[in-house]
Amino acid sequence: FNEWLLKLSYRGLERAGDILLPASGAFPAFSATGCALGITEIFRTTSAPDARSLQTLFIFFNLFPKWMLLRFFKFLNWISQKSWYIAIPFRKLYLGVRGTVLSLYYSNLTDPAYAGPRPLDAIHFQERTAHANVYAQKS
């Protein structure tokens, strides 16, 4: 994919991310953090056919009106909870999109220009290695 298509898929990812993870309380919106920049790493480590499919999906997300994307995700959420045979591909699609968005958001990677709170700060996450010395001293 060329640079122009990559920008379209990036904007589509941000739009999908803002629907799945809007700003709420101490949590910034997906697009505000700039974490979507990490998608290039996901594309780099994913097989070429899967990366192209994901990019194409995100390009479609960029082209759809916001109300249509919102309804699409509500439909995916609804049908992914069904045990019908027809629901299987929709469940996989929803899992793939949500997994991509959530892993980028909670990766704690942000745009260098972003100065707001990070998602991991909002949940008061501390790396386990910071507590390793405390546990070692108690033994």
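This briefing covers helix H6, its crossing with helix H1, and the nonpolar core. The model is predicted, so that local features need pLDDT of at least 70 and side-chain atom pairs count only at pLDDT 80 or more, while totals for chains, interfaces and linings use all residues. Residues are numbered from 1 along each chain as its sequence is written, and side-chain values use heavy atoms, with hydrogens and water left out.

**Helix H6**
- H6, a DSSP run (H or I, at least four residues, numbered from the N terminus), spans residues 87–105 and reaches 26 Å from its first C-alpha to its last, close to the 27 Å expected at 1.5 Å a residue, where the expected span is 1.5 Å times one less than the number of residues.
- Buried in H6 are Ala87, Tyr94, Val97, Thr100, Val101, Leu104 and Tyr105, buried being under 20% relative accessible area with a 1.4 Å probe and protein chains only.

**Crossing with H1**
- The axes of H1 and H6, which are lines fitted to C-alpha atoms over the stretch in contact, come within 10 Å and cross at roughly 90°.
- H1 is therefore roughly perpendicular to H6, a term for angles of 65 to 115 degrees.
- Leu13, Gly17 and Leu20 of H1 meet residues of H6 including Tyr94, Val97 and Arg98, contact being heavy atoms within 4.5 Å.

**Nonpolar core**
- The largest nonpolar core, a set of buried Ala, Val, Leu, Ile, Met, Phe, Trp, Tyr and Cys residues joined through side-chain atoms within 4.5 Å, has 22 residues, and Leu13, Phe30, Phe58, Phe61 and Phe73 have the most contacts inside it.
- H1, H3, H4, H5 and H6 each supply at least two residues of this core.

Key: Buried means under 20% relative accessible area, exposed over 50%, partly exposed in between (1.4 Å probe, protein chains only). Axes are lines fitted to C-alpha atoms, for helices over the stretch in contact, and angles run from 0 to 180 degrees between N-to-C directions. Angles under 35 degrees count as roughly parallel, over 145 as roughly antiparallel, 65 to 115 as roughly perpendicular and the rest as oblique.
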